[in-house]
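Student: I would like to learn how to read a protein structure step by step. Could we begin with the general idea behind each feature and then look at the case in front of us?

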Amino acid sequence: MTDWGGYGDRGRDGLIRAGVNWIAPGSDDDTMVTPLVEALENGKLSRGVLQRSVADLIRVVVRFH
């Protein structure tokens, strides 16, 4: 999980590649989703890395639900 608003300068895709699964505080608009979609489309982020990140997050939510 990131610090509140502490995204650094690596971009959203860099956070996912580094193992961050929860980006706080998130956003009501597309400032989180669009950069990840673009990173997938231009090859900066692989589908497998993104899937692993989502699976890790789901495991935590299920475990502590």
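Tutor: Let us start with helices, which are DSSP runs of H or I with at least four residues, numbered from the N terminus. Please keep in mind throughout that this is a predicted model. As a case of the definition, R52 is found in helix α3, and I58 belongs to helix α3 as well, the helix that covers residues 47-64.

Student: How many helices and strands are there in the protein, and what pattern does the protein follow along the sequence?

Tutor: The protein has three helices and zero strands, and reading along the sequence gives the pattern α-α-α.

Student: How should I read the words buried and exposed, and what share of the residues counts as buried?

Tutor: A residue is buried when its relative accessible area is under 20%, exposed when that area is over 50%, and partly exposed in between. In this protein of 65 residues, 25% count as buried. For a single case, take R52 again, which counts as partly exposed because its relative accessibility is 40%.

Student: Which residues make up the largest nonpolar core?

Tutor: The largest nonpolar core has nine residues in all, namely L15, I16, V20, I23, M32, L36, A39, L45 and L50. Two helices, α1 (11-17) and α2 (33-41), each supply at least two residues of this core. One core member, I16, also shows how sequence and space can be read side by side, since I16 and R52 are 36 residues apart in sequence while their C-alpha atoms are 9.4 Å apart in space.

Student: How do I read a salt bridge, and how many does the structure hold?

Tutor: The general idea is that side chains of opposite charge can pair when their charged atoms come close. The structure holds three salt bridges, and one of them joins the side chains of R17 and D13, with an N to O distance of 2.5 Å. These two residues are separated by about one helical turn, because they lie four residues apart in helix α1.

Student: Are R17 and D13 buried or partly exposed?

Tutor: R17 counts as partly exposed because its relative accessibility is 42%, whereas D13, at 6%, counts as buried. D13 also forms a salt bridge with K44, and here the closest N and O atoms are 3.9 Å apart. This pair links distant parts of the chain, for K44 sits in the loop between α2 and α3 while D13 is in helix α1, 31 residues apart. K44, with a relative accessibility of 48%, counts as partly exposed.

Student: Which side chains meet in the salt bridge with an N to O distance of 2.4 Å?

Tutor: That salt bridge is formed by the side chains of D56 and R59. Both residues belong to helix α3, and they are separated by about one helical turn because they are three residues apart. D56 is partly exposed at 23% relative accessibility, and R59 is exposed, since its relative accessible area is 52%. Looking across the bridges, those that share partners join D13, R17 and K44 into one network.

Student: Finally, which residues form the negative patch and the nonpolar patch on the surface?

Tutor: The negative surface patch is formed by D28, D29, D30, E38 and E41. Within this group, D30 lies in the loop between α1 and α2, and D30 is partly exposed because its relative accessible area is 47%. The nonpolar patch on the surface consists of V54, I58 and V62, which together have about 270 Å² of accessible area.

Conventions: Residues numbered from 1 in each chain as written. Predicted model: local features only at pLDDT ≥ 70, side-chain atom pairs only at ≥ 80, totals over all residues. Heavy atoms only, no water. Core = buried A, V, L, I, M, F, W, Y, C linked by side-chain atoms within 4.5 Å. Buried < 20%, exposed > 50% of the residue type's maximum accessible area, 1.4 Å probe, protein only. Patch = residues over 30% accessible without salt bridge, like charges linked within 9 Å, V, L, I, M, F, W, Y side chains within 5 Å. Areas by Shrake-Rupley, 256 points an atom, 1.4 Å probe, with all protein chains shown as cover. Salt bridge = Lys/Arg side-chain N within 4 Å of Asp/Glu carboxyl O. Lys, Arg positive; Asp, Glu negative; His and termini not counted. Charge placed at Lys NZ, Arg CZ, Asp CG, Glu CD.
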